[in-house]
Amino acid sequence: MNLSSRTIALLISLLVAGVLTAYAHFGPALPFREAFLAAGITVAACFLLVYLSFEALIFREINGIYAGLEHIKRKEFKQLSNKFLFRPEPVKRVRDEILLMAERRQQELDELVRLQALRREFLADVSHELKTPLFAAQGFVHTILDDEEDDIDPATRRKFLSKAATSLDTLDELVQDLITIAQLEKGVVRMRRQRFDLVVLVREIFELLEQQAARRGTILELFPPTLAETEIPVVADRNRIRQVLVNLIDNAIKYGRDHGRVVVALTESGRAVRIAVRDDGAGIAPEHQARIFERFYRIDKSRSRDSGGSGLGLAISKHIVEAHKSNIRVKSTIGEGTTLEFKLGKPKGAG
């Protein structure tokens, strides 16, 4: 039974008044009118006495606690006011508030545990990724240093130094990607938005990756084909969007099938342009699709490492696209291929 403080005070007042009135009526002879008046005065006096006692001794302190909880939630550590005084059912409100705050704290603890696990996984991945090129370069250099001057011919020496340089370039690329993603996550990298032709940018990237595509027999296509003679203006950071498209098209070439096709489709819709990069590779299983934008996440670790790259391309691309107020979406079917798409805004006045 949930009874408020007013109800309890009223019941106690009626009980006390009833006892006193009965005593006054059956004890010393009092007329009914005076007895009824005495009962009313007794009820009012007892009600005020009991209720104000509750408020002064218990509920005022509880309301003060509740006010403190409100200020803590809002991070307002200032002098507390009395605005919560004389509100009904303070005990129930404090109980509900404490339970709600406990639930929120538990959610925060669960999130901290999850982030701690991600941090450990990230540190392990970074250590492994840094170790691979570092040990390779170290091995080639020490091989040259350990051999006598006459025991190694100049061609072999140059070959070892070239491999060591390649490993160090890979290490430098990884470090630069780590710096870039850290700056993007902190929001210290500003997007320098400008108007540019998206069709021209895609064709530039096709020329850049043409040899890589040719090694796998991959055909790079712009869809629809009529876009080759059309301008599609957008407003974005050209260099950053170029970085995104290079990452997406490069991945499509790597993980598409040999002698396959990589299609970049540009579709105008309202005030935006949708960019979709499609390959015809093996596809991505549903359980991996939500995680491919995590740092160093690899579906096939051995194949991904053999294909090169720092493992941060998609994570960097995701942050860049989000900085343009958009999102990268993945659509994939096993055995049919994968599509990654996002949108960019069109300049004002564009058709």
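The dialogue below goes through a predicted model and asks what stands behind the words used for it.

Student: What should I know about the model before reading single values?

Tutor: This is a predicted model, in which local features need pLDDT of at least 70 and side-chain atom pairs count only at pLDDT 80 or more, while totals for chains, interfaces and linings use all residues. Residues are numbered from 1 along each chain as its sequence is written, and side-chain values use heavy atoms, with hydrogens and water left out.

Student: How do you know which elements carry the lowest and the highest mean pLDDT?

Tutor: pLDDT is the predictor's confidence in each residue, from 0 to 100. Among the elements of the protein chain, helix 9 (residues 301–306) has the lowest mean, 50, and strand 5 the highest, 94. The mean over the protein chain is 78, and 74% of its residues reach 70 or more. Over residues 77–86 the value stays under 50, although the model has 18 contacts there beyond four places in sequence, a contact being heavy atoms within 4.5 Å. Where pLDDT is low, the predicted coordinates should not be read in detail.

Student: Why is Gln289 called buried?

Tutor: Buried means under 20% relative accessible area, exposed means over 50%, and partly exposed lies in between, with a 1.4 Å probe and protein chains only. Gln289 has 17% relative accessibility, and therefore counts as buried. Gln289 is found in helix 8 (residues 286–289), and, leaving aside neighbours within four places in sequence, is in contact with Ile284, Val330 and Ser332.

Student: What makes the approach of Gln289 to Ile284 a polar contact?

Tutor: A polar contact is a pair of N or O atoms within 3.5 Å; within protein, one must be able to donate a hydrogen and the other to accept it, and residues adjacent in sequence count only if both atoms are side-chain atoms. The side chain of Gln289 reaches the backbone oxygen of Ile284 at 3.0 Å.

Student: Why is the pair of Phe140 and Phe160 called tilted?

Tutor: Rings of Phe, Tyr and Trp (its six-membered ring) pair if their centres lie within 6.5 Å, and planes under 30 degrees apart count as stacked, over 60 as edge-to-face and the rest as tilted. By this rule the count comes to one aromatic pair. Phe140 and Phe160 stand 5.7 Å apart centre to centre with 45 degrees between the planes, so the pair is tilted. The pair links distant parts of the chain, with Phe140 in helix 3 (residues 90–146) and Phe160 in helix 4 (residues 154–186), 20 residues apart. Phe140 has a relative accessible area of 22% and is therefore partly exposed.

Student: How do you know that the span of helix 4 is close to the expected one?

Tutor: The expected span is 1.5 Å times one less than the number of residues, and helices (H or I, at least four residues) and strands (E, at least two) are DSSP runs, numbered from the N terminus. Helix 4 has 33 residues and reaches 48 Å from its first C-alpha to its last, close to the 48 Å expected. Helix 4 is followed by Gly187, whose phi is positive, near 80 degrees.

Student: What makes strand 4 and strand 5 a pair?

Tutor: Two strands pair if DSSP finds at least two bridges between them. Seven bridges join strand 4 to strand 5 (residues 272–278), which run antiparallel, so the condition is met. Strand 4 (residues 261–269) is also joined by five bridges to strand 2 (residues 219–223), and these two run parallel.
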